[in-house]
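User: I'd like to go through the labels on this model and see which cut-offs sit behind them. Can you take me through it?

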Amino acid sequence: MSSAPPSYKGHRYPVRVIAHCVWRYFRFPLSFREAGELMLERGVVVSHETVRRWCAKFGQGYANGLRRRRPRPGGKWHLDEVFIKVSGELKYLWRAVDQDGNVLDILVQSRRDQTAARRFFRRLLQRARTVPRVIVTDRLRSYGAAHREVMPSVEHRSHQGLNNRAENSHQPTRQRERAMKGFRSVGGAQRFLSAFSGISPHFRPRRHLMTASEYRAEMAARFAVWDQVTGVAGRPAAA
């Protein structure tokens, strides 16, 4: 994937406005209308439909840019699956994080059987481009069967109490799911959560481990990375 900022050719709004709207939508539990209303308070008139198009067009690209700038994943991966509602039906959100809580990948599927676990394992290895030292899961048997087939050389620890890291990673998703009153389609859920899992965690450092000054410095550094990814860095304030 290219590391160049996205192209804004043909957009009449400044890059800073576009990037700021996308940041607000994916960082906070806002609707498109609420994101537009907050911009109106700043004197920027933008419709909710325009915010929606910006998020759809640039959200995943921003998320990919942030992921490319992360350190190499740790050797201990935590995998978990939870149900989500899509058009009133139960689906399963599969998620993998490393020992530092960095989201490695997510996948929305209709089942949580061996076939679904195998698909998620293969996708995860392809996207991470590395093999973990150990994976930690709950006691769902599908994990064990898929593990023996896809990554038999990797240590597998199956224990309900060892997987809090992945379970805690679901909490922001639950918050957004409630705010959005569920998802309308599997494809829409996958697209939103893929971008959301790349953008939202970037602005959620482990604050409880930092002093106030350390937290401010860390957030300043993360906003600087965001400006580089979105192409805001180096542009004049009015651009």
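User: Why is E49 called partly exposed?

Analyst: E49 has a relative accessible area of 30%. Buried means under 20%, exposed means over 50%, and partly exposed is in between (1.4 Å probe, protein chains only). So E49, at 30%, gets the middle label. R53 comes in at 44%, so R53 is partly exposed too. Keep in mind that this is a predicted model: local features need pLDDT of at least 70, side-chain atom pairs count only at pLDDT 80 or more, and totals for chains, interfaces and linings use all residues. Residues are numbered from 1 along each chain as its sequence is written, and side-chain values use heavy atoms, with hydrogens and water left out.

User: What makes E49 and R53 a salt bridge?

Analyst: The term needs a side-chain nitrogen of Lys or Arg within 4 Å of a carboxyl oxygen of Asp or Glu. For E49 and R53 the N to O value is 4.0 Å, so the pair counts. Both lie in helix α3 (residues 48–68), four residues apart, about one turn of the helix. Helices here are DSSP runs of H or I with at least four residues, strands are E runs of at least two, and numbering goes from the N terminus.

User: How do you know that E81 and R112 form a salt bridge, and what does the pair tie together?

Analyst: Their closest N and O atoms are 3.3 Å apart, so the cut-off is met. E81 lies in strand β1 (residues 76–86) and R112 in the loop between β3 (103–109) and α4 (114–128), so the pair ties together parts 31 residues apart in sequence. E81 is buried at 7%, whereas R112 is partly exposed at 39%.

User: Why is E177 called buried?

Analyst: Its relative accessible area is 10%, so it falls under the buried limit. R174, its salt-bridge partner at 2.9 Å, N to O, is partly exposed at 23%. The two are three residues apart in helix α7 (residues 171–180), about one helical turn.

User: What makes α2 roughly perpendicular to α3?

Analyst: Helix α2 (residues 32–41) packs against α3 at about 110 degrees, with their axes 8 Å apart. Axes are lines fitted to C-alpha atoms, for helices over the stretch in contact, and angles run from 0 to 180 degrees between N-to-C directions. Under 35 degrees is roughly parallel, over 145 roughly antiparallel, 65 to 115 roughly perpendicular and the rest oblique, so 110 earns the perpendicular label.
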